[in-house]
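Please walk through this protein chain from its overall build to its strands, its loops and its internal cavities. The sequence and the model are shown here for reference.

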Amino acid sequence: MLTGSPPQGHGAPTTDQEAQVAARVAELEKRLGDPTAEDNDLSYTRLLRADEAGELSAAGERVLDDVVLNADFVPREHGGSLERIDSLVRVMRQVFRRDVALGLGYGVTSFMAGVNVWTAGSAEQRERLARIMLGGGKVSVAYHELAHGNDFVRNEFEARPAPEGGYLLNGEKQVINNADRADAWVLFSRTSPAPGSRSHSVLFAERAGLDADSYRVLPRYDAVGVRGCHLSGLHFDNTPVPADALVGASGQGVELALRAFQITRSAVPGMALGAADTSLRTVVRFALGRELYRKSVMDIPHAKATLSGAFLDLLICDSLSLTATRAVHLLPEETSVYAAATKYLVPKMLTETMHDLSIVLGARFYVREGEFGIFQKHIRDLPVLSLGHAGSAACQATIIPQLARLARRSWFTGDKAPDALFRPREDLPALPFGRLTLASGKDSLSASLVASVDELPSSSPEERAVHAVALKMMDELRQLQESSLALTPENRTALASPGTFALADRYAVLLAAASVIGVWQQARGGDDPFLADPGWLAAVLHRLARRLGQQPPDLPASVDAGVHEEVLRRFRERRSFDLYDTPLAG
């Protein structure tokens with residue numbers, strides 16, 4: 001049974017959009033059930049059993065079929081229910097908190113493939129894709145060629161023009177999720193032998209229309225994480241596809257992929273917070289129930305600080321995820337850099353958080369079954385989100401070419417972001433697929449960080465701590481600006497030096513700081529007492545400042561006490577450890 005009720009004011013459903021997503025989250029949570037209940041077909045015990053067998057939970061897929069989860073990946077104008085990226089993240093978080101493989105294997109891969117078609121496909125292609133997905137089918141996206149990794153322009157898989165029209169597919173794609181059971185594939189393909197980014201295109205190929213004798217599914221890979229996912233590949237040998245398989249214009253494959261990444265990079269990291277939530281909840285349960293040195297583990301200062309720190313990390317990651325997903329709607333011209341920063345920093349922080357939590361769990365961290373076995377599964381599954389066609393280095397390589405331009409055109413001169421960017425439950429305009437751009441030279445989020453220095457109150461000890469760290473963050477942005485302007489031409493490319501990659505890392509941390517400040521400013525005065533209090537903001541900024549190598553002064557004792565109290569409240573009341581404080585089934 002779900003417990004608790006949503007906080008009022010800042011945290012309460014106040015709009016039709018918010019009411020719909022809150023109801024969808026509650027529906028899904030109820031259908032998935034309490035994962036700690038052994039009689040639940042989707043208990044952690046049974047999910048672990050499926051993982052050991054290398055299978056996705058059949059019961060989980062049946063539930064997601066029953067609630068028509070695929071509708072959440074299809075825009076409303078095509079018969080689905082997708083309106084907002086931040087809402088999709090909230091829905092999928094409930095799946096990910098049980099099983100990352102189920103989230104990826106059931107539908108997120110279809111979402112990642114579909115975004116290409118929703119962005120640039122013809123009306124007929126969008127209609128065909130919607131029919132497949134709303135009918136319960138799956139779609140795979142094939143970017144990968146292991147020989148070339150993230151260097152797409154060197155991919156060799158070909159779609160050559162056929163003499164009688166259309167294309168002939170030749171070559172292999174590897175590490176494709178659901179390649180063996182997809183009804184269609186979105187294929188990143190070389191359509192010209194010429195070098196450069198204009199040599200590739202995207203094709204939408206439906207399995208039912210292909211010559212079955214001219215292609216084959218490659219053997220499945222054994223994976224360390226997400227063992228239930230169907231990871232394999234495809235081999236084509238002069239497989240004909242019609243001319244109308246082309247998505248968008250010929251030669252625009254790289255541009256289309258990078259535009260699609262802006263949506264998927266913004267969304268997928270926030271979904272993963274569900275797994276980190278479960279992991280924190282698992283270790284809190286352990287700490288409260290185990291004794292060491294005649295005290296509970298929770299009474300040990302290091303353990304208590306680690307659990308509080310993990311909670312703060314989730315709030316940081318959720319704040320950055322929130323601004324990135326809402327920026328898709330509100331600041332689509334600026335989304336490229338925010339999405340890349342989110343896809344880089346959030347999986348990195350969550351992986352580090354999981355490591356910290358594993359130390360508290362001790363020897364039980366190695367156990368793959370029983371009460372704490374789900375932690376071991378999540379710690380294996382989560383790093384997968386840092387890999388793939390949008391891996392950490394690829395995201396930094398998206399940021400680096402934009403640093404000098406942002407330093408010259410935007411930082412300390414641009415207008416700050418709209419308040420709506422930081423309001424988790426406020427309505428958003430429709431998804432502007434056509435307005436996504438590769439780079440704009442604008443950064444309203446950093447402008448909000450600069451503006452906050454003059455706007456933040458400083459009457460209480462907690463507020464003074466916030467103001468002091470915000471000043472240091474602004475100084476850090478100034479140093480980043482100077483370093484970015486001084487970059488040599490070769491350090492403005494993906495082949496930049498390690499020091500330049502470090503600049504991208506620092507920039508992502510500053511965007512996270514701007515996000516948490518913005519979230520607190522909009523929550524201040526609201527009826528969610530925790531988010532309205534400056535204590536959590538002081539704690540997360542202190543944590544981010546240390547991540548940048550700074551040594552901020554110690555926080556007031558009340559800050560640590562307030563964060564710890566909130567961790568215990570949410571655990572006992574079965575509520576999520578994110579910005580939404582959502583009632584959970586277990």
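The paragraphs below go from the whole chain to some of its parts.

The model is predicted rather than determined by experiment, and the description that follows should be read with that in mind. The secondary structure of the chain comes to 17 helices and ten strands. The radius of gyration is 23 Å, close to the 25 Å that the globule rule gives for 586 residues, so the chain is as compact as a globular protein of that length. Along its principal axes the C-alpha trace spans about 75 × 60 × 45 Å, and 62% of the 586 residues count as buried. When contacts with a separation of 6 or more are considered, 77% of them are accounted for by residues that lie 24 or more positions apart in the chain.

Strand 4, which covers residues 184–190, offers a good place to look inside the fold. Seven of the seven residues of strand 4 are buried, and the strand is thus described as mostly covered. Ala184, Val186, Phe188 and Arg190 point one way from the strand, while Trp185, Leu187 and Ser189 point the other way, and the residues of both groups are all buried. Strand 4 has pairing partners that include strand 1 (residues 139–142), with which it pairs in the parallel sense over four bridges, and strand 5 (residues 200–206), with which it pairs in the antiparallel sense over seven bridges. In the parallel pairing, Val141 stands opposite Val186 of strand 4, whereas in the antiparallel pairing the bridge partner of Leu187 is Leu203 in strand 5.

Two loop residues deserve attention for their backbone geometry. Asn178 is found in the loop between strand 3 (167–177) and strand 4, and it has a positive phi of about 65° although it is not a glycine. Asn178 is buried, with a relative accessible area of 0%. Val68, in the loop between helix 3 (58–66) and helix 4, likewise has a positive phi, of about 50°, without being a glycine. With a relative accessibility of 38%, however, Val68 counts as partly exposed, because that value falls between the 20% limit for buried and the 50% limit for exposed.

What cavities does the structure hold? There are two of 30 Å³ or more, and the largest has a volume of about 60 Å³. The lining of the largest cavity is made up of Arg93, Gln94, Arg97, Leu273, Gly274, Asp277, Leu314, Ser576, Phe577, Asp578 and Leu584. Helix 4 (85–96) and helix 7 (253–289) are the elements that give two or more residues to this lining, and the largest share, three residues, comes from helix 7. By residue class, the lining of the largest cavity divides into four nonpolar, three polar and four charged residues.

The second largest cavity has a volume of about 40 Å³, and it is lined by Asp86, Val89, Arg90, Arg93, Asp318, Ser321, Leu322, Thr325 and Tyr580. Helix 4 and helix 8 (301–330) each supply at least two residues of that lining, which divides into three nonpolar, two polar and four charged residues. Arg93 is therefore a residue to follow from one cavity to the other, since it is listed in the lining of the largest cavity and in that of the second largest cavity, where a lining residue is one that has an atom within 4 Å of a cavity point.

Note on methods
Residues numbered from 1 in each chain as written. Predicted model: local features only at pLDDT ≥ 70, side-chain atom pairs only at ≥ 80, totals over all residues. Heavy atoms only, no water. 1 Å grid on protein atoms, 1.4 Å probe; cavity = no way out; pocket = protein on both sides within 12 Å on 5 of 7 lines; lining within 4 Å. Points joined across faces, edges and corners; volume = space filled by probe spheres on them. Nonpolar A, V, L, I, M, F, W, Y, C, P; charged D, E, K, R; others polar. Buried < 20%, exposed > 50% of the residue type's maximum accessible area, 1.4 Å probe, protein only. Pairing = 2+ DSSP bridges. Rg over C-alpha atoms; globule rule 2.2 N^0.38 Å. Contact = heavy atoms within 4.5 Å.
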